[in-house]
Amino acid sequence: MAALSVIRLLATLALAPLLFSVINRVKAAFAGRQGKRLSQPYRDLAKLARKGAVYSQTTTWVFRAAPVVSLAAIVAALALVPLGPPGSAPSFTGDFILVVYLLALARCAVVLAALDTGSSFEGMGASREAAFSALAEPALFLCFLILDASTHRSNLGVMLSGTALSSAAPELALVPITLFIVLLAENARIPVDDPNTHLELTMIHEVMILDHCGPDLAFIQYGAALKLWLFCAILTGAVLPPLGRGPWLDFALAVAGIFACAALVGVVESVMARLRLPRVPKLLALACSCAAIALILTLWR
Amino acid sequence: MLTFLLLIPLASAALALAIAADTPRRLILVLAALAHLSLTALAFAVPPGPAFGGLLDLDPLGHLFLSVTSLLFLAASVYAVGYLRAEVKGQRRDFQEGAAFSNAPERIFTACLLVFLTAMTLVACTRNLGALWVGVEGTTLASAPLIYFHRHRRSLEATWKYLLICSVGIALALLGNILLSVAFYDPAQASTSMNLADLAAKAGIARTPWLKAAFICILVGYGVKMGLAPMHNWLPDAHSQSPSLVSALLSGALLNCAFLGILRTHQICVLTGLASFSQELLVIFGLISMVTAAAFIVGQGDYKRLLAYSSVEHMGILALSVGVGGGAVFGGMLHLVCHSLAKAMLFLVSGNILALYRTRSCYDARGVARAMPVTAALWTAGFLAIVGSPPFGLFVSELTILAAMIRQGDTAVACAYLACLGIIFVGMSVPVLRMVQGPMPPAVTGKAREDFFSVGPPLALGALVLTLGLFLPEALIQTLTQAAGVVIRGL
Amino acid sequence: MTVAALFEPLMIALILTNLALLVTSRTGVLIRLIALQGALLAFAPLFPVANLPAHLALLCLAVFTIKAVAFPYLLSRTLRRIDADSRIEPYLGGGLSAAAGIGGLLFSLWLENRLPVPPGLFAPLLFPAALTTIFTGLILVVTRKNALTQVIGYLAAENGIFLFGAPLSRQGSVWLELSILLDVFVGVFVMGIAIHHINKTFESIDVGRFCTLRD
C-alpha cells in the first residue's frame with residue numbers, strides 16, 4: 001500500500017502541469033485557436049529553473065523561504081489526499097483538517113513573502129487573497145463536514161471514496177457545486193480572478209507573486225499546478241462512485257476525472273467573465289450558505 | 001336577510017362607480033347606509049337564519065359589532081356629503097409642505113367606502129374563521145385607497161405603511177388559521193371546517209400546543225390590524241393623514257372588526273379549556289397598549305395623532321376587559337359601543353377644525369370656541385367622553401371593568417389601568433383645552449362651515465354617548481349581556 | 001425513483017430559492033426567483049400522489065397561474081413602469097440576511113421536533129421548508145428599503161403559508177384556498193399601484209425616504 005501511494009504521488013507530481021495545458025487547450029478550442037503545446041507548462045518551468053534570481057534589497061529571508069515552504073506544504077497535502085481506493089498511506093482520523101491547514105500554510109507563506117517586498121501592489125494582492133481565502137476556507141470545511149457526516153468517518157480515505165454521495169439524498173447535490181466554487185476561488189480562476197490579466201489593479205494572485213523570478217517563480221507555479229490537482233482530486237473523489245476494479249484502474253479513473261474537472265474549469269473560464277471584486281465575497285458567501293444548508297439537512301436526517 | 005346585508009353595499013358600490021354626477025352618488029351613499037342600518041335594526045326583531053350553508057351566521061356578538069359599524073357608517077356618510085361638497089376640485093397646494101396635489105376621484109372614494117362596509121359586514125356576520133379572514137383582508141384592501149384620498153407625499157407614506165404592515169399582519173393571522181386547522185385535524189373526517197360551531201363540537205380532540213401557537217399567531221396578526229402595541233405603528237400615520245370621516249370609520253369600526261377576529265379565536269380557546277392562556281396574553285397586550293398610548297399622548301403636538309393614540313389606549317382597554325374576564329366582559333362590550341361612538345364623533349369634529357385652521361398642530365389651532373362654537377363644544381364634550389369622565393358612557397364601562405378587576409383580586413393590573421387612565425386624562429386635556437380656549441390666530445382666514453352635515457352627525461353621536469352614560473335601555477343591556485355571554489362561554 | 005420521492009428535492013429546491021431571495025439584490029432577478037418559487041409551490045399539494053381528488057388539480061392549476069404567471073407579470077410591469085433598478089442599499093446586507101435565513105431553517109427544524117405533529121399530516125421536510133419560506137419573506141419585508149422588494153417579501157411569506165396549508169387542502173374546501181389566492185392577488189395589484197404612485201411622488205421607490213411622519 002505504501003508503494004502504491006508513493007507511485008501515485010510521483011505520477012501526480014509528473015502530471016500536474018498538464019492540467020494547465022488542458023485548461024488552455026479548452027479555452028483555445030472555444031476561441032477557435034489551436035492553443036499552446038501540451039508540453040508548454042513543462043518548458044516554462046524548465047526555462048524558469050535555468051534562470052537566475054534577482055532579490056530586492058528590502059526583502060528578508062522570508063521572501064527567499066516562501067516558495068520552498070509553499071511547495072513543500074502543498075506536496076505534503078497532496079500526500080494525504082487519496083486518489084482512488086484504498087486511499088493514501090498516511091491516513092488517519094481528521095486528516096482533512098491537516099490538509100486544509102497545510103494549504104493555509106502554503107498560502108500564508110506566499111502572502112508573507114508578498115508583504116515582505118514592501119511594495120503596495122503586492123500588499124494589495126496579498127490582502128485580497130487573504131480575504132477571499134478567509135471566505136473560501138469555511139466553505140471547504142463545511143463540505144468536508146458534510147462528507148464526514150454522511151460517511152460517518154473522519155478520514156479522507158473514506159470521505160473521498162465516492163461513497164458519500166451514493167445515498168442519493170437531494171441536498172448532497174450541493175456538495176460538488178460548492179466544492180467547484182471553492183476550487184475556482186482558491187486557484188484564482190475566473191470568475192474570481194483572471195490568470196491572464198495584466199492589469200495590476202485587478203489582479204489578485206498574479207500581483208502577489210510579481211516580485212518572484214527564476215527558480216522561486218518555478219516553485220510557485222508548480223505549487224499552483226499541484227494545488228489545482230489537489231482540489232480537482234477532492235472534487236473527483238467526492239463525486240466518482242467506487243468501481244472496485246483494482247487499484248491501478250481506479251487510479252486511472254481518478255486521473256481521468258481530474259482531467260475532466262480541469263476541462264470543466266476551462267469551459268467555465270471560456271463562457272464567463274470575471275466578477276466585480278465586491279461580488280466575489282457574495283459568491284463565496286452563497287457557497288458557504290449552500291454548504292451550511294446541506295450540512296444542516298444532512299445532520300437532520 | 002344576511003345576503004342582503006352584503007349585497008346592498010356591494011351593489012351600491014358598483015352603482016357609485018357607474019354614476020358620473022356627484023349629488024346622486026352622495027345620495028346613494030346615504031341611502032345605502034340607511035338601508036344597511038334598517039336591516040341591522042330589523043335583525044333585532046326578526047333574527048336572521050344562516051345563509052350560504054352556514055357561512056353567514058349572525059350571533060349576538062356579531063350583531064353587536066354589526067350595529068356599531070352600521071350606525072357609524074351612517075354618521076360618516078352623512079358627514080361625507082358635506083365634506084365632499086366642500087372639497088376643492090383639481091390641484092391645490094398642500095398646506096404643510098406646499099407641494100401641489102389633487103384628490104382621488106370621488107367615484108373611487110365612494111365606491112371604496114361601500115366596499116369597505118361590505119367587508120366589515122362580512123367580518124361581523126360570519127362565524128367561519130376563514131371567511132372572517134377574507135373579510136379582514138378585504139377591509140385592508142378597500143381602505144387603502146381611502147387613506148390615499150388626498151394624494152400627497154405624507155398620505156402616500158401612511159398608505160404604504162398601512163398596506164404593508166397590515167398585509168403582513170393578516171398573513172400571520174392566516175398562518176394562525178392554518179395552525180388552528182392542524183390543531184383540529186382529524187384524519188378520519190373528510191374536511192376540517194373552520195366554522196365555530198363545528199370546531200366547538202370537536203373541542204375534545206384539539207391538540208394544545210398547536211392551539212396555543214395558533215392563538216399567538218392570530219393575536220399578533222389581528223392585533224396588528226387592531227392597533228395593539230407594539231404592532232400599532234401604522235395607526236397614528238394612517239389616522240392622521242386620511243380624511244376625517246375615514247379616520248372615524250377606521251378607529252370606530254375597523255379596529256373593532258379586528259378585535260372580533262381575536263374574540264372568535266378566544267372563544268375557541270374557552271371551548272377547549274385554554275381560557276386562562278388566552279386571557280393572560282390579552283391582559284399583557286392590553287397593558288402594553290395602554291402604557292404605550294400614555295407615553296405617546298403626553299406632549300403630543302398633532303391632534304389627529306392624539307386621537308389615534310387614544311384609539312390604541314382604548315383597544316388596550318378592550319383587550320384587558322376580555323383578558324380579565326367575568327363582569328369585565330360586559331364592561332368591555334359597553335366600552336366597545338361607547339368608544340366607537342365617541343371616537344367617531346371626535347374624528348368628525350377634528351375634520352371641521354382641520355378644514356378651517358389648515359393645520360394639524362395643537363399649538364397653532366387655537367381659539368376654536370370663538371371661530372366655531374358648536375364645534376368647540378362638541379370637541380370638549382368628546383374629549384370628556386373619551387377620557388372616561390361622567391356623565392358619558394365610557395365612565396360606566398371603565399368603572400365596570402375596574403370593579404371586575406378588583407373583585408377578582410387583580411390589584412396590580414387595576415393599579416396600572418388606573419395610572420394609565422390618569423396619565424392619559426392629563427395628557428389629553430392639555431392640548432384639547434388649549435385648542436378650545438384663547439384667541440384665534442391671526443393667520444387663520446376663511447369662514448367656518450357649521451352646517452347640518454358637518455355638525456349633525458357628531459352631535460347625534462355625542463348625544464348617544466351621553467344617553468348611554470345616563471341611562472342604559474333594557475334592550476341594550478340584554479344585547480350586551482348576550483354578547484358578553486358568547487365571549488365568556490365560548491358559544 | 002417514484003414520483004413521491006420527488007417531494008424532498010422539491011422542498012430542498014424551495015429552501016434554495018429562499019436563500020437566493022435573501023442574497024440577490026437585483027429586483028429583476030428577485031421577480032424571477034419568486035416566479036420559480038410559485039411554480040415549485042404549485043406542485044406541492046399534489047403529494048402524496050395517491051387518490052388525487054379532481055378539485056386538487058384545479059387548485060394546482062390556479063396556483064400556478066396566479067403565483068408563477070400573474071404575480072411576476074404584475075411585478076415586472078410595475079418595474080418597467082417605474083423604469084428604475086437603482087441601487088437601494090438594504091438595512092441588512094446579503095451575507096447577514098443569508099445567515100438569518102439559515103438561522104430560520106435551524107429554528108424551524110428545532111420547532112418540528114418540539115411540536116407534536118399529527119402523524120401522516122406533514123410530509124418530511126414540509127414543515128421546515130414552509131417555516132423557512134415564511135421567515136425569508138418576513139426578513140425581506142423588514143430589512144429591505146426597496147418597496148418592490150418588500151412586496152416580494154410579502155409574496156414569499158404568503159408562499160410559505162400556502163405551503164403550510166397545502167396538506168390540509170386535500171381534505172378541506174378548495175374555494176377557501178382560491179379566495180385566499182384571490183385576496184393576495186388583489187393585494188399585490190393594489191400594492192403595485194401604490195408603488196407606481198410612490199415612484200411618481202418620491203421619484204424613487206426607496207422606502208427609507210419615508211421620514212416625515214413621526215412623533
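Reader: Hello! Which residues does B:Phe116 touch, not counting residues up to four places away in sequence?
Author: A welcome place to start. This is a predicted model, in which local features need a pLDDT (the predictor's confidence in each residue, from 0 to 100) of at least 70, side-chain atom pairs count only at pLDDT 80 or more, and totals for chains, interfaces and linings use all residues. Residues are numbered from 1 along each chain as its sequence is written, while chains are lettered from A and ligands numbered from 1 in the order in which they are written. Taking a contact as two C-beta atoms, placed from the backbone, within 7 Å, B:Phe116 touches B:Thr139, B:Ala142, B:Ser143, B:Leu146 and B:Leu249.

Reader: Which helix of chain B gives the most to the largest nonpolar core?
Author: Such a core is a set of buried Ala, Val, Leu, Ile, Met, Phe, Trp, Tyr and Cys residues joined through C-beta atoms within 7 Å, where buried means that 20 or more other C-beta atoms lie within 10 Å of the residue's own. The largest one has 354 residues, and A:Ala291, B:Phe116 and B:Leu249 have the most contacts inside it. With 20 residues, the greatest contribution to this core comes from helix H6 (residues 153-183) of chain B.

Reader: What radius of gyration does chain B have, and why does the value agree with a compact globule?
Author: The rule, with the radius taken over C-alpha atoms, is 2.2 Å times the number of residues to the power 0.38. For 491 residues a compact globule would come near 23 Å, so there is agreement with the value for chain B, 22 Å.

Reader: How much of chain B is buried?
Author: Let's set the scene: chain B has 19 helices and two strands, which are DSSP runs (H or I, at least four residues, for helices; E, at least two, for strands) numbered from the N terminus. Its C-alpha atoms fill a box of roughly 75 × 55 × 40 Å along the principal axes. Of the 491 residues in chain B, the buried share is 61%.

Reader: What distance does helix H11 of chain B reach from its first C-alpha to its last?
Author: The expected span is 1.5 Å times one less than the number of residues. Helix H11 (275-297) of chain B has 23 residues, for which 33 Å is expected, and the helix comes close to that with 32 Å.

Reader: Which two chains have the most contacts between them?
Author: Chains A and B can be set aside, as they do not touch and their nearest C-alpha atoms are 22 Å apart. Two pairs of chains do touch, and the most contacts are between chains B and C.

Reader: Which element gives the most to the side of chain C that touches chain B?
Author: Here 36 residues of chain C meet 32 residues of chain B. Helices H5 (126-143), H6 (147-169) and H7 (174-202) of chain C each supply at least two residues of that side. With 13 residues, the most comes from H7(C).

Reader: Which element of chain C has the lowest mean pLDDT?
Author: Chain C comes to seven helices and zero strands. The chain averages a pLDDT of 83, and 90% of its residues score at least 70. Among its elements, H5(C) has the highest mean, 92, and the lowest, 79, belongs to H7(C).

Reader: And what ipTM does the predictor give the complex?
Author: Happy to finish there. Alongside a pTM of 0.87, the predictor gives the complex an ipTM of 0.90.

Note on methods: A residue is buried if 20 or more other C-beta atoms lie within 10 Å of its own, exposed if 12 or fewer, and partly exposed in between; C-beta atoms are placed from the backbone.
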